[in-house]
Structure formats: structure tokens, C-alpha cells
Amino acid sequence: MGSCLFCKIAAKEIPSQFIFEDGEALVFKDINPKAPTHVLVVPKKHIARLSASTDGDRALLGHLQRVAARVAESLGLDSFRLVTNNGVGAGQTVDHLHYHLMGGRAMQWPPG
Ligand code: 5GP
Ligand code: ZN
């Protein structure tokens, strides 16, 4: 996955503002934030999108949600939104699974 942007960020080949990192996951600030807090929760493993995950990724997917919850708590967010855009039609622009963790303002529902 040599050309994948988030694989390069995970490999520290491209700088980003890291919030959290462990063996399987990393969290870094979105370069174009859409909320006062907007970070990306990303697996180090290259998975193009949620629909490209397999049953073998179940533990990793669960881990990512726990990381999101812990990071939200560490950032002082009691209300937040966790969302993934799966496919171009849903707004996905980077083909490496990521969850947007957003908070710090009122959220609209449904999202556009
Ligand atoms: P998507 O549109 O795929 O759901 O989300 C991709 C996100 O990645 C966007 O919110 C965009 O601002 C962010 N992004 C794109 N390039 C970079 C980058 O080089 N660094 C960081 N930190 N975020 C990026
Ligand atoms: Zn990747």
C-alpha cells in the first residue's frame, strides 16, 4: 500500500498531529477540521473501507471503537459523533478505513 496517504502517516513518512497511538491504531487531527474537535481514528492495517473488512478484523474494529471512546473521554467530550464514510457516494476521499471523531459543537441529524 505504498501510495496510501494514511499508511504513510502511520509509517511517519508524512507528519501529522498525533493524539494517540498503540500497536494497532492511531488517532491524529484532521487537516481540515469540520468541528472544534475533529480527529481521525485509523487502523494501522490497510483496509480500504469498512465494507472491505472481514470477520478476521472483528477484534480490530472493536478496538477502534474503544480507542475512539477513550480518546473522546481524554479530550473532554461527553457528546461526540463517530462516523465513517464508506465509498465515494458517502463522501469517502481517502481509501484507508478511518472514523471521524467529532465534537465540540451541536451536531445536525441526519447528516447531509
Ligand atoms: P473522508 O472524506 O475519506 O471521509 O475523510 C478523509 C479525511 O482526511 C478528510 O476529513 C480530510 O480533511 C482528511 N485528510 C486528508 N488528507 C490529510 C492529511 O494529509 N493529513 C490529515 N491529518 N488529514 C487529512
Ligand atoms: Zn492504507
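In this predicted model, the buried residues of helix α2 pack against five strands: β1 (18-21), β2 (25-29), β3 (37-43), β4 (81-83) and β5 (99-103). Helix α2 also gives the most residues to the largest nonpolar core, seven of them. Elsewhere, ring pairs join F6, F18 and F28 into a cluster.

**Helix α2**

- Helix α2 runs over residues 58-74, which makes 17 residues.
- From its first C-alpha to its last, α2 reaches 24 Å, close to the 24 Å you'd expect at 1.5 Å a residue.
- Which residues of α2 are buried? They are L60, L61, H63, L64, V67, A68, V71 and A72.
- After α2 comes G76, and its phi is positive, near 80°.

**The nonpolar cores**

- As background, nonpolar side chains tend to be buried together in soluble globular proteins.
- Here, the largest nonpolar core has 16 residues. V27, V41, L64, V67, L97, Y99 and L101 are the ones with the most contacts inside it.
- The elements that each supply two or more residues to this core are β2, β3, α2 and β5.
- There's also a second, separate core of 10 residues, with A10, L26, L40 and V42 among them.
- What does L97 touch, once you set aside its neighbours within four places in sequence? L97 is in contact with V41, V42, P43, I47, A48, R49, L50, L61, L64 and T84.

**The aromatic cluster**

- A pair of aromatic rings is described by how far apart the centres are and by the angle of the planes.
- How many aromatic pairs are there? The count comes to two.
- One is F6 with F28, an edge-to-face pair at 5.4 Å centre to centre, with 80° between the planes.
- This pair links distant parts of the chain: F6 is in helix α1 (residues 5-10) and F28 is in strand β2, 22 residues apart. Both F6 and F28 are buried.
- F18 and F28 make an edge-to-face pair too, at 6.2 Å centre to centre and 65° between the planes.
- F18 sits in strand β1 and F28 in strand β2, so their pair ties together parts that are 10 residues apart in sequence.
- Is each of these two rings buried or exposed? F28 has a relative accessible area of 3%, so F28 is buried. F18 has 30% relative accessibility, so F18 counts as partly exposed.
- F18 has a charged partner as well: the charged end of K12 sits over the ring of F18, 5.1 Å from its centre.

Methods:
Residues numbered from 1 in each chain as written. Chains lettered and ligands numbered in written order. Predicted model: local features only at pLDDT ≥ 70, side-chain atom pairs only at ≥ 80, totals over all residues. Heavy atoms only, no water. Helix = DSSP H or I, 4+ residues; strand = E, 2+ residues; numbered from the N terminus. Expected span 1.5 Å × (residues − 1). Buried < 20%, exposed > 50% of the residue type's maximum accessible area, 1.4 Å probe, protein only. Contact = heavy atoms within 4.5 Å. Phe/Tyr/Trp six-rings, centres within 6.5 Å; stacked < 30°, edge-to-face > 60°. Lys NZ or Arg CZ within 6 Å of the ring centre and 35° of its normal. Core = buried A, V, L, I, M, F, W, Y, C linked by side-chain atoms within 4.5 Å.
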